Amino acid sequence: EIDEDVQGHILNYEISVDLLVNMSDPDVLDVFSRLNSYSVTLNDQEKINANHFSEFKTLADSLAHKNNDFWTDNKIITEQNVLRMTDVQMTADLLIGMIEGIKTKKQIKKSYENYEKEFNEDVDDLAFQFEHILTLIRRIFNGGLSKREFRRNHVFYSLFMSLYHLQFGVQNIDRDRDPIEDVDIARISQKLERVDYIFDEDDKNNLNDEDVQFLTDCRRATTDTAVRVRRSEYLIDIMV
C-alpha cells in the first residue's frame with residue numbers, strides 16, 4: 001500500500017554495520033557494554049551479565065528466557081522490563097535462595113562473582129527444581145496469578161521460596177519441611193486467599209499480629225534478608 005518511490009527509498013537506505021571478526025564472547029559483550037554506556041545506561045543486571053560467564057550465569061539466563069510467558073502472562077514482569085533483564089535478575093535471585101538460603105537482593109552481584117570463581121552445583125538438578133516450583137505455582141493458581149497479590153515481585157519471591165522449602169528445603173527458613181502432594185493443591189490454593197484478604201482489609205483490627213507483620217514486610221525494606229525470611233515463613237504457616 002506504500003507508494004513505490006517510498007518503498008524504493010526504504011529498500012535503498014544504507015545501514016551501517018560493524019563485523020566483529022574472531023572476537024571472543026567476553027570481548028563482544030564488552031563492546032556491547034561500552035556502546036550502551038553512550039545511549040541507554042545499563043542497569044545493574046545488564047552490567048553483571050556483560051561481565052560474567054559461569055554456569056550459574058548461563059543457567060539463570062536460560063531459565064529466565066524459557067519462562068518468558070510465565071513472567072509476562074502473570075504480570076510479574078512486564079515485556080519492557082524483560083528487555084532490561086529483570087526476568088534474569090529475578091531468576092538469579094531465586095536460584096541464589098535455592099543454593100545458599102534466602103539473601104538480600106543486594107547479594108546478587110556478589111554471588112555472580114563467587115560463582116564465577118567456583119560453581120559446583122548440579123545445574124540439571126537446579127533447573128528441574130526451579131521448573132518444579134513454577135509448575136506447582138501454575139497448578140495452585142490455575143491461571144489466576146495475574147489477578148492476585150502474589151504477582152508483586154517481592155511477594156512472588158516469598159511464595160516461590162516458601163514452596164521451595166516445603167519441597168526441597170531452604171537453609172535459613174525455620175520451618176519443618178512438608179512436601180506438597182497432588183491432594184494438597186486445592187487446600188493450599190484456598191488458604192493462600194488469605195493474603196489477598198489481608199491486603200484488601202481496611203480494618204486492621206480484623207487481622208492478627210502475624211498478618212499485620214506480613215503487610216509491613218510487604219511495604220518496607222522488602223528485599224532485606226530478615227524481611228524475606230519472615231514473609232516466607234508466614235506463607236508456610238498459612239499453607240501447612
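**A helix pair and two positive phi values**

Let me begin with Met 85, which counts as buried because its relative accessibility is 16%, buried meaning under 20% relative accessible area, exposed over 50% and partly exposed in between, with a 1.4 Å probe and protein chains only. This is a predicted model, in which local features need pLDDT of at least 70 and side-chain atom pairs count only at pLDDT 80 or more, while totals for chains, interfaces and linings use all residues. Residues are numbered from 1 along each chain as its sequence is written, and side-chain values use heavy atoms, with hydrogens and water left out.

Met 85 sits in the loop between helix H6 (79-83) and helix H7 (86-100), helices being DSSP runs of H or I with at least four residues, numbered from the N terminus, and its phi is near 70°, a positive value in a residue other than glycine.

Ala 221, in the loop between H13 and H14, also has a positive phi, near 45°, but Ala 221 is partly exposed, with a relative accessible area of 43%.

What, then, do H13 and H14 meet through? Glu 210, Asp 211, Gln 213, Phe 214 and Asp 217 in H13 meet Val 227, Arg 230, Arg 231, Tyr 234 and Leu 235 in H14, where contact means heavy atoms within 4.5 Å.

Leu 235 deserves a further word: not counting residues up to four places away in sequence, Leu 235 touches Phe 150, Ser 158, Leu 159, Ser 162, Leu 192, Val 195 and Phe 214.

Definitions and conventions:
Helices (H or I, at least four residues) and strands (E, at least two) are DSSP runs, numbered from the N terminus.
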